[in-house]
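Good morning. Please have a look at the structure on the screen before I start talking about it.

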Amino acid sequence: MDSNGSIHDKCESRLYIGNLDLKITEATLLKMFSPFGKIVSEDFLWHTRGPKRGAPRGFAFIQYDTREEAELAKEKMHGRLACGRPLVVRLASEKYMLETAENSMKASGEGHKMHLTSGAMGQTSRSAKIAAIKNKLKSLEEDSSRSKKQKKTEDTS
């Protein structure tokens with residue numbers, strides 16, 4: 001098998017686990033996901049600097065031996081409550097593709113052009129994020145004002 005095939009296979013059997021409660025430890029995570037297959041590796045992410053240094057970041061990656069094991073774990077664990085929070089479980093390749101698609105849609109939707117230099121790309125990404133947040137706030141304000149108008153018309157009738 002060539003190196004490209006093995007990298008592709010690795011991505012297909014690697015899970016992203018998000019929305020982890022800060023009380024969940026590496027050992028707990030492994031115990032939760034081990035019934036679904038052989039875990040090859042696990043990356044539990046921690047804050048490396050700042051005031052939260054050493055605290056869990058709230059997400060992790062688990063690599064299974066096969067794609068089938070990863071799919072089974074995803075199917076059984078996505079949405080399951082852990083410490084009162086629903087887990088977000090996706091194939092790591094899906095997570096990457098979703099984020100890439102969202103970022104490119106936001107960037108193109110706001111009229112931003114993607115640049116090849118890393119500095120410009122980081123700036124574009126940041127600008128796209130800011131624009132997306134502004135759009136979200138605007139839509140929330142519009143929804144709020146619409147619901148207030150509807151309530152006033154219901155109260156007067």
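I will go through the sheet, then the helices packed on it, and then the aromatic rings.

One caution at the start: this is a predicted model.

Let us begin with the sheet. It is open and has 4 strands, in the order 2-3-1-6, with antiparallel pairing. Which strands stand at the edges? They are strand 2, residues 39-46, and strand 6, residues 88-91. Each of these has a single partner strand, so one side of each is left without a neighbour in the sheet. On average, and ignoring direction, neighbouring strands of this sheet are turned by 20° against each other.

Now find strand 1, residues 14-18, and strand 3, residues 56-64. They pair in the antiparallel sense, over 4 bridges. If you want a place to check this on the screen, look at arginine 14, which stands opposite glutamine 63 in strand 3.

Next, the helices. Helix 2, residues 26-33, packs on the sheet and touches strands 1, 2, 3 and 6. Its direction makes about 140° with that of strand 2. Helix 3, residues 67-77, also packs on the sheet. Helix 3 touches strand 1, strand 3 and strand 6, and its direction makes about 155° with that of strand 6.

That leaves the aromatic rings. A pair of aromatic rings is described by the distance of the centres and the angle of the planes. How many aromatic pairs does the structure hold? The count is 4, and I will describe two of the pairs.

One is tyrosine 16 with phenylalanine 59: the ring centres are 5.9 Å apart and the planes are at 35°, so the pair is tilted. Tyrosine 16 lies in strand 1 and phenylalanine 59 in strand 3, so this pair ties together parts that are 43 residues apart in sequence. Buried or exposed, what is tyrosine 16? Its relative accessible area is 12%, and because the cut-off for buried is under 20%, tyrosine 16 counts as buried. Phenylalanine 59, at 21% relative accessibility, counts as partly exposed. Tyr16 and Phe59 also form one aromatic cluster together with Phe61.

The other pair is phenylalanine 44 with tryptophan 46. Here the centres are 5.0 Å apart and the planes are at 55°, so this pair is tilted. Phenylalanine 44 is buried, at 8% relative accessible area, whereas tryptophan 46 is partly exposed, at 35%.

That is the end of my part.

Key
Residues numbered from 1 in each chain as written. Predicted model: local features only at pLDDT ≥ 70, side-chain atom pairs only at ≥ 80, totals over all residues. Heavy atoms only, no water. Pairing = 2+ DSSP bridges. Helix = DSSP H or I, 4+ residues; strand = E, 2+ residues; numbered from the N terminus. Axes fitted to C-alpha atoms, helices over the stretch in contact; angles between N-to-C directions. Contact = heavy atoms within 4.5 Å. Phe/Tyr/Trp six-rings, centres within 6.5 Å; stacked < 30°, edge-to-face > 60°. Buried < 20%, exposed > 50% of the residue type's maximum accessible area, 1.4 Å probe, protein only.
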